[in-house]
Amino acid sequence: MRIDTTQYSMEKVNKQRKIIHIDMDAFYASIEQRDNPQYKGKPIAVGGSPEGRGGVVATASYEARKFGIRSAMSSKQALQLCADVIFVRPRFEVYKEVSQRIRAIFQRYTDLIEPLSLDEAFLDVSEDKQHIGSAIEIARLIKQAIKDELQLTASAGVSINKFVAKIASDMDKPDGLTFIGPSRIGAFMESLVVEKFFGVGKVTAAKMKKMGLFTGADLKKLTEAELTKHFGKPGKFYYKIVRGIDDREVQPHRETKSISAEDTFPYDLKELDEMYEALDKIAAIVHDRLFRHGLKGRTITLKIKYHDFKQVTRSQSFSSGVSDLETITATAKKLMEATDLEDKKIRLLGISLSNFGDVMVKKSKDVSDQLALGL
Ligand code: DCP
Ligand code: MG
């Protein structure tokens, strides 16, 4: 007997995935409001300093957001927007524990979980453990369990791939559940502004706008060859994503090996003070990302790309993990000074932290280190 395998493999190829993206609402702030009833209904900012000097807001409660207070904003600015804002010290141990409990809830339905930070993850529920079948129903059950067991709310996006699911989870925050099915993806992508597309950063978005490309519909008019001509290799990816095609798999065992940020400048930097200023900004972003992941790295790496696209990297390692902004900034500057900067025009600067081991921010001492630096 001959078994026809063609049909089976075609089926496998065509099989649509069911992807959920879950993102907790005002994560650190909601936990603080849950555990401290006096903060309920109040504008709070986690991570800012009460004196309003130097500190940076990690996140703000929805009440504080009404005043315009946002993540990564200085405490000073937060105070200017709302004089009554309450600054709360972060408690990373608690956030991590909540994160683990959320993950345990996800595991009831699937093992294909890719955490993106403490409060955010992709789940592939194409074949769920409980044979529920409906990804929308699974998202609803997960949200309910988070509410019942942790007294917190999450927003979920459901679709057939990671990109659309992630955009969807952000559409109806807080406590949202948004499903974007295959028939809606096309129109949805066309209406999306270019900066929302995965992989489109500040510089690329500016370039696109200069070319009169503002939305997915505009991008869709370009051929794959045109996109790669203007935007290089990522053009291929843009071509697909604007058509709602995203084949990236949910990667359950992807370990965070490094955390980085970089900036390509609108014009090449020649002056040292411009470079210092750029490093200050990049260091703050890396620091934010470490904060979100609760990680400390033992190695700091500086990346420099010159105007001629030549690239160098310089690293320094420490005997124990670092995550404070001061060390990151100072080390990056020192590494930059040690390169030959004479007559150099710099196109890109980047900072990364790696070599994490398992030095998570665990002890209260670590938290007070952060606080001492105004966080
Ligand atoms: N975070 C941080 N620094 C930032 C952004 C975020 O330390 N610049 C931390 C605090 C947040 C958590 O990471 O609570 C999750 O980040 P999100 O971007 O998901 O923000 P929230 O969960 O606070 O709010 P939202 O309801 O918009 O998801
Ligand atoms: Mg969140």
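Contact, as used on this tour, means heavy atoms within 4.5 Å. Keep that cut-off in mind as you click around this predicted model.

**Stop 1: Leu81**

Select Leu81, which is found in helix H4 (residues 75-81). Which residues does Leu81 touch, leaving aside its neighbours within four places in sequence? Show Phe67, Gly68, Ile69 and Met73, and you have its contacts. Now pick the C-alpha atoms of Leu81 and Gly68: they are 13 residues apart along the chain, yet the separation is 6.7 Å. Leu81 itself is partly exposed, at a relative accessible area of 36%.

**Stop 2: colour by confidence**

Next, colour the chain by pLDDT. The average is 89, and 90% of the residues score at least 70. Then select residues 1-12, where the pLDDT is below 50 and the model has 0 contacts beyond near neighbours in sequence. Residues 359-375 also stay under 50. For that stretch, however, the model has 39 contacts beyond four places in sequence.

**Stop 3: helix H2 and Phe27**

Move on to helix H2 (27-35). Is this helix mostly buried or exposed? Of its 9 residues, 7 are buried, so H2 is largely enclosed by the rest of the structure. To see them, select Phe27, Tyr28, Ala29, Ser30, Ile31, Glu32 and Gln33.

Stay with Phe27 for a moment and display what surrounds it. Not counting residues up to four places away in sequence, Phe27 touches Tyr95, Val98, Ser99, Ile102, Leu118 and Asp119.

**Stop 4: the nonpolar cores**

Phe27 also leads you into the largest nonpolar core, which has 38 residues. Which of its members touch the most others? Highlight Ile20, Phe27, Tyr28, Tyr95, Leu123, Ile142 and Ile146. Several elements supply at least two residues each to this core, among them strand E1 (19-24), helix H2, strand E6 (120-124) and strand E7 (154-159). Colouring by domain is helpful here: the core draws at least three residues from domain 1 (16-26 + 94-183) and at least three from domain 2 (28-88). As background, nonpolar side chains tend to be buried together in soluble globular proteins.

A second, separate core holds 27 residues. Select Ile282, Val286, Leu295 and Tyr306, which are included in it.

**Stop 5: strand E12 and its partners**

Now select strand E12 (residues 346-354). It is largely enclosed by the rest of the structure, because 8 of its 9 residues are buried.

Add strand E9 (residues 258-269), which pairs with E12 in the antiparallel sense over 8 bridges. A handy landmark is Leu269, standing opposite Ile346 in E12. Then add strand E10 (residues 297-306), which runs antiparallel to E12 and is joined to it by 8 bridges. Here, look for Thr299 opposite Ser354 of E12.

**Stop 6: salt bridges**

How many salt bridges does the structure hold? There are 22, and a few of them make good places to zoom in.

Start with Glu149 and Arg108, whose closest N and O atoms are 2.8 Å apart. Glu149 lies in helix H6 (residues 135-150), while Arg108 lies in the loop between helix H5 (92-106) and strand E5 (113-117), so this pair ties together parts that are 41 residues apart in sequence. Glu149 is partly exposed, with a relative accessible area of 35%, and Arg108 is partly exposed with a value of 35%.

Next, find Lys143 and Asp175, a salt bridge with its closest N and O atoms 2.8 Å apart. Lys143 is in helix H6 and Asp175 is in the loop between helix H7 (162-169) and strand E8 (177-179), so the bridge ties together parts 32 residues apart in sequence. Lys143 is buried, at a relative accessible area of 9%, whereas Asp175 is partly exposed at 32%.

For another pair, select Lys333 and Asp280, where the closest N and O atoms are 2.9 Å apart. This one ties together helix H14 (residues 325-337), home of Lys333, and helix H13 (residues 272-293), home of Asp280, so the parts it links are 53 residues apart in sequence. Asp280 is partly exposed, with a relative accessibility of 35%.

Finish by selecting Glu32, Arg34, Asp35 and Arg91 together: salt bridges that share partners join these residues into one network. Glu32 should look familiar, as one of the buried residues of H2.

How values were computed:
Residues are numbered from 1 along each chain as its sequence is written. Chains are lettered from A and ligands numbered from 1 in the order in which they are written. This is a predicted model: local features need pLDDT of at least 70, side-chain atom pairs count only at pLDDT 80 or more; totals for chains, interfaces and linings use all residues. Side-chain values use heavy atoms; hydrogens and water are left out. A salt bridge is a side-chain nitrogen of Lys or Arg within 4 Å of a carboxyl oxygen of Asp or Glu. Helices (H or I, at least four residues) and strands (E, at least two) are DSSP runs, numbered from the N terminus. Buried means under 20% relative accessible area, exposed over 50%, partly exposed in between (1.4 Å probe, protein chains only). A nonpolar core is a set of buried Ala, Val, Leu, Ile, Met, Phe, Trp, Tyr and Cys residues joined through side-chain atoms within 4.5 Å. Domain bounds come from an automatic or database domain assignment. pLDDT is the predictor's confidence in each residue, from 0 to 100. Two strands pair if DSSP finds at least two bridges between them.
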